[in-house]
Amino acid sequence: MTDGKVRINKHLDLSRLPTHIAIIMDGNGRWATRRGLPRNMGHKAGCENLKKIIQHIYDLGIRYATFFTFSTENWKRPKDEIDGIFNIVRDYLNEDAEQFVEKGAKIMVSGDYKKLPSDLVSAIDNIVEKTKNCEKFTLNLAINYGGRDEILRGVNQAIEVGKPLNNQEDFSKLLYSADIPDPDFVIRTSGEMRVSNFMLWQMAYSEFYFTKVYWPSFSPRDLQKALIDYQGRKRRFGKI
Ligand code: IPE
Ligand code: IPE
Ligand code: MG
């Protein structure tokens, strides 16, 4: 997280913000390529932007934020790119752990993170443990995360218990996101208009926002613009 005061757009109603915002941070690679830089420079810039946007979400008073950091399909990328992403995330978590505690921000993870390299697993375990009693804000990092993988895991847990689930809430409790509400608002950057296996169960009634801006360039102002759009929506949940 980084400190920095950002002006609030006068059209943004701070009393009607989403409880949970989820972001598919896409376009790091293209951001770098367009500048003649290696893709991993895009991931580095993406991580710097992640810090900035987390701070802004926190400053606005939004309670929960999920960021799609690495998908179960991203293992298909070249090894040096994957290693680069993991190193960037590890360094970020190690460097900012104390700041999260000071700000009352709890870090949680969605995804099979134990399969990540051991130095990253330790960084995650350390920050999750350190921030476990923080209650002001919850940051959910989706890392080695896939929506179908998560659902399959839930189904297998249910089978192990051996009796039918009573309702949808009972199934929600078997997912990584058991302790947090479903996302109200999902943003995807970079112009792609797809879900790419993100929070399939939880997004049943989320509002979506797509922007062409590549993730490293997605600014607090862009975030406010998206939130103003969200506030213009009428969420019906099947009702009239
Ligand atoms: C998103 O940016 C970050 C991860 C998937 C880890 P990309 O790396 O997918 O960037 P593009 O889509 O290739 O531009
Ligand atoms: C989705 O982006 C995953 C993350 C942002 C971590 P991708 O770049 O992997 O998605 P596709 O492959 O374009 O669908
Ligand atoms: Mg991409």
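## Notebook: two ligands, two cysteines and some single residues

I began with the surroundings of ligand 1, and noted that the helices α1 (28-34), α2 (39-60) and α3 (79-103) each supply at least two residues of the shell around it. Before going further I wrote down that this is a predicted model, and that what follows is to be read as a description of that model.

**Entry on ligand 1.** I asked which element gives the largest share of the shell around ligand 1. It is α1, from which 3 residues come. I then looked up the residues themselves, and found 13 of them around ligand 1, of which Asp 26, Gly 29, Arg 30, Arg 39 and Arg 77 come nearest.

I went on to the polar side-chain atoms that face the oxygen atoms of ligand 1. For Arg 30 I noted a polar side-chain atom at 2.7 Å from an oxygen atom of the ligand, and for Arg 77 I likewise noted a distance of 2.7 Å from a polar side-chain atom to an oxygen atom of ligand 1. In the side chain of Asp 26, an N or O atom is 2.8 Å from an oxygen atom of ligand 1. How much of the accessible area of ligand 1 does the protein cover? Taken on its own, the ligand has 380 Å² of accessible area, and the protein covers 87% of that. As for its location, I recorded that ligand 1 sits in the largest pocket.

**Entry on ligand 2.** I repeated the search for ligand 2, and its location came out as the largest pocket. The residues that surround ligand 2 are Ile 24, Met 25, Asp 26, Phe 68, Thr 69, Phe 70, Asn 74, Arg 77, Arg 188, Arg 194 and Ser 196. Which strand gives the most to this shell? I found that strand β2, residues 64-71, does so with 3 residues.

Asp 26, which I had already listed among the residues that come nearest to ligand 1, also has a polar side-chain atom that lies 3.2 Å from an oxygen atom of ligand 2. Arg 77 is another name that I had written down for ligand 1, and it is also one of the residues that surround ligand 2. For Ser 196 I noted a polar side-chain atom at 2.6 Å from an oxygen atom of ligand 2, and for Arg 194 a distance of 2.8 Å between an N or O atom of the side chain and an oxygen atom of this ligand. The protein covers 78% of the 390 Å² of accessible area that ligand 2 has on its own.

**Entry on the cysteines.** How many disulfides does the structure hold? I found 0. The sulfur of Cys 47 has its closest cysteine sulfur in Cys 134, at 19 Å, which is too far for a bond, because a disulfide needs the two sulfur atoms to be within 2.5 Å. Looked at from the other side, Cys 134 is in no disulfide either, its nearest cysteine sulfur being that of Cys 47. I also checked whether these residues are buried or exposed. Cys 47 is buried, at a relative accessible area of 6%, and Cys 134 is buried as well, at 9%.

**Entry on backbone angles.** I next looked up residues other than glycine with a positive phi, and kept two asparagines. Asn 144 has a phi of about 50°, and I placed this residue in strand β4, which runs over residues 137-145. With a relative accessible area of 5%, Asn 144 is buried. Asn 197 has a positive phi of about 70°, although it is not a glycine, and this residue belongs to the loop between β5 (185-188) and β6 (207-210). Its relative accessibility is 14%, and Asn 197 therefore counts as buried, the limit being under 20%.

**Entry on two loop residues.** Where does Trp 215 lie? I found it in the loop between β6 and α7 (220-231), and its relative accessible area of 0% makes Trp 215 buried. From Trp 215 to Ala 226 I counted 11 residues in sequence, and the C-alpha atoms of the two are 14 Å apart.

I closed with Lys 114, which is in the loop between β3 (105-110) and α4 (118-130). Is this residue buried or exposed? Lys 114 counts as exposed, at 53% relative accessibility. Lys 114 and Asp 125 are 11 residues apart in sequence, with a C-alpha to C-alpha distance of 9.4 Å.

Key: Residues numbered from 1 in each chain as written. Chains lettered and ligands numbered in written order. Predicted model: local features only at pLDDT ≥ 70, side-chain atom pairs only at ≥ 80, totals over all residues. Heavy atoms only, no water. Buried < 20%, exposed > 50% of the residue type's maximum accessible area, 1.4 Å probe, protein only. Near = heavy atom within 4 Å. Polar contact = N/O pair within 3.5 Å; in protein donor to acceptor, adjacent residues only side chain to side chain. Areas by Shrake-Rupley, 256 points an atom, 1.4 Å probe, with all protein chains shown as cover. 1 Å grid on protein atoms, 1.4 Å probe; cavity = no way out; pocket = protein on both sides within 12 Å on 5 of 7 lines; lining within 4 Å. Sits in = over half its atoms within 2 Å of the grid points. Helix = DSSP H or I, 4+ residues; strand = E, 2+ residues; numbered from the N terminus.
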